[in-house]
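Here is a structure to read slowly, with its terms explained as they come up. Please look at the sequence and the model before turning to the questions.

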Amino acid sequence: MKTAEDFLSGQVLLIDKPLHWTSFQAVNKLRWEIRHTFNIKKIKVGHAGTLDPLATGLLVICTGKMTKQINTFQGQDKEYTGTFVIGSTTPSYDLETDIDQIFPTDHITADLIHQTPEQFIGDIEQFPPVFSAIKKDGKRLYEFARAGEDVEIKSRTVTISEFEITNIDGNNLDFRVVCSKGTYIRSLAHDFGKALNSGAHLSVLRRTKIGDFNVENALTPEAFIKGLTTK
């Protein structure tokens with residue numbers, strides 16, 4: 001059982017973020033529970049890489065003095081699994097917004113689907129989704145998007161080291177990707193659809209690894225909280 005001193009000295013917590021939670025909510029929940037359980041007045045708690053509310057999976061959360069390692073963890077490669085839906089797009093590139101365009105898929109073969117990821121291996125230029133938390137002129141991009149305002153978005157260089165389609169079920173394509181910091185899987189879905197001469201959006205996303213940390217070793221927030229008081 002961990003003590004107050006353990007958390008203040010610094011812990012790396014592997015948390016499996018539930019669907020619809022924000023990363024901020026997860027950090028706040030754990031911080032409150034740690035402070036409440038051990039009667040700690042103040043403790044630093046932070047995460048090493050945001051997950052969207054519609055994504056699940058690995059959050060690396062650091063406490064106390066280990067928060068100094070957050071930038072190191074953030075810079076490590078990440079692995080994701082999930083599902084692309086081909087034949088349609090959404091403004092947010094995922095299920096946050098409704099489908100806005102339908103595209104033909106009759107020309108898309110299984111061979112084409114399995115060959116297309118090769119186009120994305122290595123350093124690529126990627127445009128972040130307009131529905132993202134990146135700041136421009138002091139505002140989040142999603143603030144411009146929700147207000148219906150056009151905004152110029154600059155591309156960024158990201159690295160895709162592994163990318164494969166693991167299963168095809170009609171228009172649903174399961175994938176696995178290993179990528180660098182700053183990669184938007186939603187944008188990868190959008191660009192993948194374009195590469196098929198069609199459209200695509202992200203319907204499921206799960207982060208499975210950050211560096212050597214694996215979601216298989218992570219706890220749900222509920223399990224972590226229960227463990228705080230279990231002797």
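The questions below ask how certain descriptions of this model are reached.

Q: What kind of model is this, and how are its residues numbered?
A: This is a predicted model, in which local features need pLDDT of at least 70 and side-chain atom pairs count only at pLDDT 80 or more, while totals for chains, interfaces and linings use all residues. Residues are numbered from 1 along each chain as its sequence is written, and side-chain values use heavy atoms, with hydrogens and water left out.

Q: Why is F73 called buried?
A: A residue is buried under 20% relative accessible area, exposed over 50% and partly exposed in between, using a 1.4 Å probe and protein chains only. F73 has a relative accessibility of 9%, so it counts as buried.

Q: What makes F213 partly exposed?
A: The relative accessible area of F213 is 21%, and because this lies between the two limits, F213 is partly exposed.

Q: Why is the pair of F73 and F213 called edge-to-face?
A: Rings of Phe, Tyr and Trp (its six-membered ring) pair if their centres lie within 6.5 Å, and planes under 30 degrees apart count as stacked, over 60 as edge-to-face and the rest as tilted. The centres of F73 and F213 are 5.2 Å apart and the planes stand at 85°, so the pair is edge-to-face. By this rule the count comes to nine aromatic pairs.

Q: What makes F73 and F213 a pair that ties together separate parts of the sequence?
A: F73 belongs to helix α3 (residues 70–74) and F213 to strand β13 (residues 213–214), so the pair ties together parts that are 140 residues apart in sequence. Helices (H or I, at least four residues) and strands (E, at least two) are DSSP runs, numbered from the N terminus.

Q: How do you know that F84 and F163 form an edge-to-face pair?
A: Their rings are 6.3 Å apart from centre to centre, with 75° between the planes, so both values meet the rule for an edge-to-face pair. F84 lies in strand β4 (residues 78–86) and F163 in strand β10 (residues 156–169), 79 residues apart. Both F84 and F163 are buried, and one aromatic cluster is formed by F84, F120, F163, F175 and F192.

Q: How do you know that β10 and strand β11 (residues 172–179) pair?
A: Two strands pair if DSSP finds at least two bridges between them. Eight bridges join β10 to β11, which run antiparallel, so the two strands pair. I165 stands opposite F175 in β11.
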